Amino acid sequence: MFGSLYVAIERWARSSTSRQGKLPDHIPLWYIRQLSRAKLVWMLRYIYHNSPAQRDIWHAAGLKLGDIRSADVLQHIPFTTAAELAEHPDSYICVAHDKLIHILTTSSAKGLKKTIYLTAGDFDHQVRTMGTHLRRFPEAGRVAAMFLVHDPTWSVGTVIRRGIAEAGMLGFLSGVHRPVQDHLDLIKEYRINRLITSPTHLSRLTFEAPAGLDLKGLGIRYIHLGTQPWTEEFRSRMEQTWGAKLIDGYGSNECVCAIASECLLQNNLHVSEVDFWMEIIDPATGRVLPDGQDGEVVITTLSRLGMPLVRYRTGDLSHLIPRKARCPCGLPLRKMGRVRGRIDDMLIIGAGHNLYPDEVDRAVFSIPGIIDYQLVVEKDTFKDVMLLTVEANGAQDNLRASLLKELLAVESINTPCNLSGNVVLAPIEIVAPGTLTRGRPKSIRIIDKRTGNSNQEAIL
Ligand SMILES: [Zn+2]
């Protein structure tokens, strides 16, 4: 229904040439853009016809069917928020309820429980997308492992597992609640050469592995990471330790998975433009921002028929890379920057100093041996107090001093601490491995007790 290109891409994905990680040269960038725009218009009209609740909302915003003629109409459609999705999941459904045979539930620390329904076709499409993504990496072997949430109701895990099979690889699912040694044994026993996991769990695997174990000797080629942001310093250290390439991926529970991923060049993430329409907005005003400018990622799903989402505010902070020439990897898809964190995790400390979550990440993870951290901000009369707890591998000399030095090298921490004096850094607490992270694929890193915000939703 969307022309021959989509079929061509699907065919390419299944062909042997896909294992070389290249698309045929004859697919131009503009064609992908046009296909994406055509799918967007088709999807908006589909939702208009099939979701009475959405139609009413659009009517209230002054939109009529006749207005849905080009992609430009999107900016007149109201956003979908996490709260609305949690409260009225039925209002997004576009098919008869007996067609919805897969369910995904996700909840945040704020208590928002969201339910996503998928048709059999939606689910199969996600599986194919996952398989296509995994096939992009050459000479990857046939075995993959996952160390994510081992929960039979966690549909994203099912999609990833089926996607591994779709890519022609043997997949294992191993929950993060299991001891690190079990995972290392699994890697050795089945000669696993690719991991799909979270940065938190990769840290645990690395720093809780028995002393003297050569992790490079395990033969891992690729490590796909999602769930929460991680730094280039982390990438460099882990790649040296494991002798593998770390590949960043971006997804969300609401969009199921595989919104964007790095290619082998590891230089920003290719957006799956044929399945997702991405906008970046100013989170305060809702204004669409130009390419290159950081803001909130807003997603419209282009392929899901059961419960499509329009202008869903993900709460993630990133930007779109200006369209230029095709990436040297050959993939004709535009790129987005790496996610900097959650909008909710941005802190304003002292007299209006913005502290981005990735600034704290870079400072803390620049110290070897740090597995994860938690930063709590409290109000003490007139001052903000920052309490940092780090999970580290054993006692390390000068760890507190090193952390303090790195934190104070961040301008938005140093200025209010040392110049204005309206922010206090409390003594840093060091806890044993697993204290913050055991049994979870990701920790809650930022807790703002001044606002009651602690957000552990995020990227997959
Ligand atoms: Zn590329």
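Start by selecting Phe-276 and look straight across to strand E11: the residue standing opposite is Thr-301. Keep in mind as you click around that this is a predicted model.

Now extend the selection to the whole of strand E10, residues 276-281, together with E11; the two pair in the antiparallel sense over six bridges. Further along the pair, pick Ile-280, and you'll find Val-297 of E11 opposite.

Next, select residues 295-301 and show what surrounds them. Is strand E11 enclosed or open? Seven of its seven residues are buried, so the rest of the structure largely encloses this strand.

Hop over to strand E12, residues 312-318. E12 pairs with E11 over four bridges, again in the antiparallel sense. One spot to label here is Gly-295, whose bridge partner in E12 is Ser-318.

Zoom out and colour by strand. You should see an open sheet of four strands running E10-E11-E12-E14, with antiparallel pairing. The edges are E10 and strand E14 (341-342), each of which pairs on one side only. Strands of a sheet are held in register by backbone hydrogen bonds, either parallel or antiparallel. 

Leave the sheet and select helix H7, residues 180-189, where Val-180, His-183 and Ile-187 are buried. Turn the view to look down the axis of H7: the buried residues fall within an arc of 65°, so they line one face of the helix. An α-helix has 3.6 residues a turn, so residues three or four places apart point the same way. Flip to the face of H7 turned away from the buried side and you'll meet the exposed residues Asp-185 and Glu-189.

Last stop: just after H7, select Arg-191 and check its backbone, where phi is positive at about 50°.

Methods:
Residues numbered from 1 in each chain as written. Predicted model: local features only at pLDDT ≥ 70, side-chain atom pairs only at ≥ 80, totals over all residues. Buried ≥ 20, exposed ≤ 12 C-beta atoms within 10 Å, placed from the backbone. Pairing = 2+ DSSP bridges. Arc of directions from axis to C-beta.
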